[in-house]
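Colleague: Could you take a close look at a single part of this model and put it in the context of the whole chain? A plain account will do.

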Amino acid sequence: MTNWRWVMCAMLFFATTVNYMDRQVLSLTWKDFISPEFHWTDEIYGNITAIFSIFYAIANLFAGKFVDWMGTKKGYLWAIVVWSLGAVLHAFCGTFTEGWMGGDFSSKEALIGATGDAAFAIATLSMYAFLFCRCILALGEAGNFPAAIKVTAEYFPKKDRAFATSIFNSGASVGALAAPATIPLLAKAMGWEMAFIIIGALGFVWAGIWIFVYDKPATSKHVNDAERLYINQDEADNNAEAAKAPVKEEKQMGFAQAFSYRQTWSFAFGKFMTDGVWWFFLFWAPAYFSDQYGYTSDSTMGISLIFTLYAIVTVLSMFGGYLPKIFVEKRGMNPYQGRMLAMLIFAFFPMLALFAQPMGQYSAWWPAIIIGFVGAGHQAWSANIFSTVGDMFPKSAIATITGIGSMAGGLGSFLINKGSGQLFTYAEGQGAAFQFMGFEGKPAAYMIVFCICAVAYLIGWIVMKTLVPKYKPIVLD
């Protein structure tokens with residue numbers, strides 16, 4: 001049997017890695033490189049991440065349908081080209097701001113030295129420039145997971161999908177792991193603009209390779225009959241003829257029909273409750289260590305803390321997709337049962353977030369390690385919740401449903417990032433007058449958000465289980 005499905009999984013892994021590196025450039029450069037130049041506050045950064053999240057959410061609603069309509073190969077290609085273009089365009093926001101301000105503010109040094117109304121104008125103008133680029137980035141990135149989940153459903157039987165998803169989804173952790181080790185150093189050595197250009201260009205390289213390596217299993221010259229039989233074991237009658245037969249085109253699912261199923265709402269609610277937790281730590285962790293402990297993103301300690309955090313996520317989350325495989329093969333559960341049990345186990349990992357701020361009083365390493373375990377729990381949860389779509393829906397609808405769920409996740413991210421930015425700015429202004437669970441000022445604000453993150457997964461799991469208590473796949477007539 002050939003193993004081309006694992007080459008496809010590797011392509012998905014690298015695409016997701018690039019996806020998250022592109023997403024991380026701003027979070028690793030804004031506090032220590034961009035903010036001094038453009039006079040940003042936490043609230044401005046919170047607005048940028050929030051608008052990115054809401055635009056990403058809206059784009060996801062259509063991205064999944066676009067991938068189902070365009071086809072996996074072209075749909076994925078368009079997605080990564082658009083988001084790579086958006087990533088590169090960030091580098092020119094400073095040039096745009098200098099050109100628009102003109103006069104005495106037509107240089108980086110002048111922007112940094114601005115005060116009063118001029119500083120406010122620079123902050124506002126640059127914010128809108130970055131928002132434009134973030135929206136292009138969001139438009140393209142919205143296609144990543146719908147396309148990746150569709151490829152997984154095309155190339156893997158149900159029992160292997162969560163494991164395959166956990167592998168390619170670990171690209172998010174690896175991207176977040178590689179980012180702090182490279183992006184701050186690039187920004188320090190070559191300027192923050194080059195960090196956006198170099199990281200953004202990686203997507204164009206991936207796109208060139210994708211054109212030549214992807215084809216559907218039924219027509220791929222790299223997939224033999226034995227592998228097709230393995231891939232199609234859920235549908236085929238365990239005979240080679242069924243495996244070799246071209247896959248019959250399935251009926252498409254409309255939006256109205258998609259929203260009529262409890263399975264859709266179950267997946268969407270699970271994403272709504274939990275995606276924002278991951279995005280909060282992704283967007284705010286570098287600023288957290290800079291604010292609370294004084295370790296800038298380009299310092300040795302700052303890099304070490306973020307690297308350690310995502311190293312824990314990367315190593316531990318890989319087991320997330322393997323656990324339901326054990327439940328299915330060893331305990332005889334159906335894939336949905338196995339996944340839901342695994343997700344319940346992983347839903348307890350984020351509860352550790354309750355201890356991040358208290359333990360941080362002793363050392364910054366404690367919150368880095370604890371947030372790493374929270375992130376590992378999320379990534380393991382994420383691999384399984386994505387795979388429930390393939391369990392429940394026909395392949396022709398997988399990208400559409402994934403897009404709907406990702407839209408819900410984007411809405412959740414919008415709420416937590418917008419709220420966090422406002423909360424942090426307010427708490428910092430209030431100082432000792434703002435208190436929560438023994439903490440004052442901004443540390444108290446972080447503790448509030450950590451508490452929300454801690455319970456989000458258990459709430460999500462309970463509602464999902466209530467909506468879809470048993471395995472019930474959708475069949476399109």
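**The end of a helix and the loop after it**

Modeller: Glycine 431, just after α19, takes a positive phi of about 65°. Helices here are DSSP runs of H or I with at least four residues, strands are runs of E with at least two, and both are numbered from the N terminus. This is a predicted model, in which local features need pLDDT of at least 70 and side-chain atom pairs count only at pLDDT 80 or more, while totals for chains, interfaces and linings use all residues. Residues are numbered from 1 along each chain as its sequence is written, and side-chain values use heavy atoms, with hydrogens and water left out.

Helix α19 itself covers residues 398-430, 33 residues in all. From its first C-alpha to its last, α19 reaches 47 Å, close to the 48 Å expected at 1.5 Å a residue; the expected span is 1.5 Å times one less than the number of residues.

Next come the strands β1 (435-436) and β2 (439-440), with glycine 438 in the loop between them. Methionine 437 lies in the loop between β1 and β2 too. Its phi is positive, about 50°, although methionine 437 is not a glycine. Most residues other than glycine have a negative phi. Methionine 437 has a relative accessible area of 55% and is therefore exposed, where exposed means over 50%, buried under 20%, and partly exposed in between (1.4 Å probe, protein chains only). Glycine 438, with 79%, is exposed as well. Between the C-alpha atoms of glycine 438 and glutamine 337 there are 41 Å in space, and the two are 101 residues apart in sequence.

Another positive phi in a residue other than glycine, near 65°, belongs to histidine 39. Histidine 39 sits in the loop between α1 (4-38) and α2 (42-70). Its relative accessibility is 23%, so histidine 39 counts as partly exposed.

As for the whole chain, there are 20 helices and two strands. Of its 477 residues, 59% count as buried. The C-alpha atoms fill a box of roughly 75 × 45 × 40 Å along the principal axes. The radius of gyration is 22 Å, which agrees with the value near 23 Å for a compact globule of 477 residues; the radius is taken over C-alpha atoms, and the globule rule is 2.2 Å times the number of residues to the power 0.38. Of the contacts with a separation of 6 or more, 83% join residues 24 or more positions apart, a contact being heavy atoms within 4.5 Å.
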